[in-house]
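Here is a set of questions and answers on one protein model. Have the sequence and the coordinates open as you read.

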Amino acid sequence: MPTRFVLRTLLLALAVLPLAQTPEAQIVTNRDKLAQTAMKFLAVSADPRSAALGNAMTSLVGGSDALFYNPAALAWQEADTDAMISNTQWIASIDYNHASLSYKAGNLGVFGGSLAFADYGDLTQTVFEDSDQGYREIGSFSPSAWMAGIGYARAFSDQFSAGGQVKYARQDFGAAPTRYDEGGELQFTDVAQGVLAYDFGVFYKTGFESLNFALSARNFSQEVTFEDEGAQLPLTLHIGVSMDVLDLTPMATGPHSLLLSVDAENPRDFSEQLKVGAEYTFAETLSLRAGYVSPTDEQGISLGAGVKQSVAGLGIGADYAYTDFGVFDAVHRVAVHLSF
């Protein structure tokens, strides 16, 4: 029988969803730009499984990839060691690469690290000019960005865990033209900035079947200033609930599972979003996924699949995700997971 706490948790989680339909909450009706943020690459989803589930990952148990979504979920890692490496082919030929590694140190908890790199390619550099075009090309530049983090999570009981991550993020726009000298020659200044940022999370297994409830906050930091322009990092607050809905049916003990996950996200720079994902898994080997986020500008449905198998004590998994981006090219993600 569900405990009183479980019932309160359910009511709280379910109370979030109707807000998505009210004009006051504006969760699914508007895509309003509310603020400017810097280092937006920190908000790009790292793992194909997450992307295929609409990034409704806050309350899902995972491996080292949990450092990118909710550090508290890292505490429930099953293997002693878990590693993930992924590549995202983003719109406009931008590449994102992510990697993570975690180690379970018995009762001390789980320690982990994460890396992220953004490759924006070569971009044309211009300056203002009083001409028909209004600008003049002066060459090209190659902006880049990266992040490195160290995280820790611990389960304080068989139902509750907490975790956090401290990370250093840096964005480099290269040498930018800033002024003309007395001889009329352009003068350049390196525009780059780095900052410490923090992620926090809590995770609660309610005890009612496989129902999980979790909260996370990502990208706490001080303001970053590039020359004269300053902005905060893409701080986001998440609340999530998930459950294998087949636990409520006679199929609960069979080889099938149907995971349903829902996240409500409150980002700093846009209005709230609702994220919904579903994952069907057969025999803990083959998974098919679908997810949707609302509201968005161009992002549509996400689809994905994953396989995993254990060979001589080594767990091997591979995931793929496709995300429709409307007028832009579709986004493709691939990842490989290892655990032992």
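Q: What does partly exposed mean for a residue such as Glu-129?
A: Buried means under 20% relative accessible area and exposed means over 50%, with partly exposed in between. In this predicted model, Glu-129 has a relative accessible area of 29%. That value falls between the two cut-offs, so Glu-129 is partly exposed.

Q: Which residue forms a salt bridge with Glu-129, and what is the N to O distance?
A: Side chains of opposite charge can pair when their charged atoms come close. The partner of Glu-129 is partly exposed, with a relative accessible area of 32%. That partner is Arg-136, and the closest N and O atoms are 3.1 Å apart.

Q: How many helices and how many strands does the protein chain have?
A: Strands run from β7 at residues 160–180 to β16 at 302–311, among others. Helix α2 covers residues 48–52. The full count is two helices and 18 strands.

Q: What radius of gyration does the protein chain have, and how does it compare with the globule rule?
A: The C-alpha atoms fill a box of roughly 80 × 50 × 35 Å along the principal axes. For 340 residues the globule rule gives 20 Å. The chain comes close to that, so it is as compact as a globular protein of that length. Its radius of gyration is 22 Å.

Q: What share of the residues of the protein chain count as buried?
A: The accessible surface comes to about 17,000 Å², and 58% of it belongs to carbon and sulfur atoms. Burial is counted over the 340 residues of the chain. The buried share is 43%.

Q: How far apart do the centres of the positive and negative side chains lie?
A: The chain has 19 positive side chains and 39 negative ones. Some of these charges pair, and a search of the whole structure finds seven salt bridges. The centres of the two sets lie apart by 10 Å.

Q: How many residues apart in sequence are the parts tied together by Arg-49 and Glu-279?
A: Arg-49 and Glu-279 form a salt bridge, with their closest N and O atoms 3.0 Å apart. Arg-49 lies in helix α2 and Glu-279 in strand β14, so the pair ties together distant stretches of sequence. The separation is 230 residues.

Q: Are Arg-49 and Glu-279 buried or exposed?
A: The cut-off for buried is under 20% relative accessible area. Arg-49 has 15%, and Glu-279 has 6%. Both values are under the cut-off, so each residue counts as buried.

Q: Which strands hold Lys-167 and Asp-199?
A: The two side chains meet in a salt bridge of 3.0 Å, N to O. The pair links parts of the chain 32 residues apart. Both residues are buried. Lys-167 is in strand β7, and Asp-199 is in strand β8.

Q: Which residue other than glycine in strand β9 has a positive phi?
A: Most residues other than glycine have a negative phi. The residue in question has a phi of about 75°. It is buried, with a relative accessible area of 2%. It is Asn-219.

Q: Where is Glu-284 found?
A: Phi of Glu-284 is near 55°, a positive value. At 65% relative accessibility, Glu-284 counts as exposed. Its place is the loop between β14 and β15.

Q: What is the omega of the peptide bond from Ser-294 to Pro-295?
A: Most peptide bonds are trans. Pro-295 sits in the loop between β15 and β16. The bond from Ser-294 is cis, with omega near -5°.

Methods. Residues numbered from 1 in each chain as written. Predicted model: local features only at pLDDT ≥ 70, side-chain atom pairs only at ≥ 80, totals over all residues. Heavy atoms only, no water. Helix = DSSP H or I, 4+ residues; strand = E, 2+ residues; numbered from the N terminus. Rg over C-alpha atoms; globule rule 2.2 N^0.38 Å. Buried < 20%, exposed > 50% of the residue type's maximum accessible area, 1.4 Å probe, protein only. Areas by Shrake-Rupley, 256 points an atom, 1.4 Å probe, with all protein chains shown as cover. Lys, Arg positive; Asp, Glu negative; His and termini not counted. Charge placed at Lys NZ, Arg CZ, Asp CG, Glu CD. Salt bridge = Lys/Arg side-chain N within 4 Å of Asp/Glu carboxyl O.
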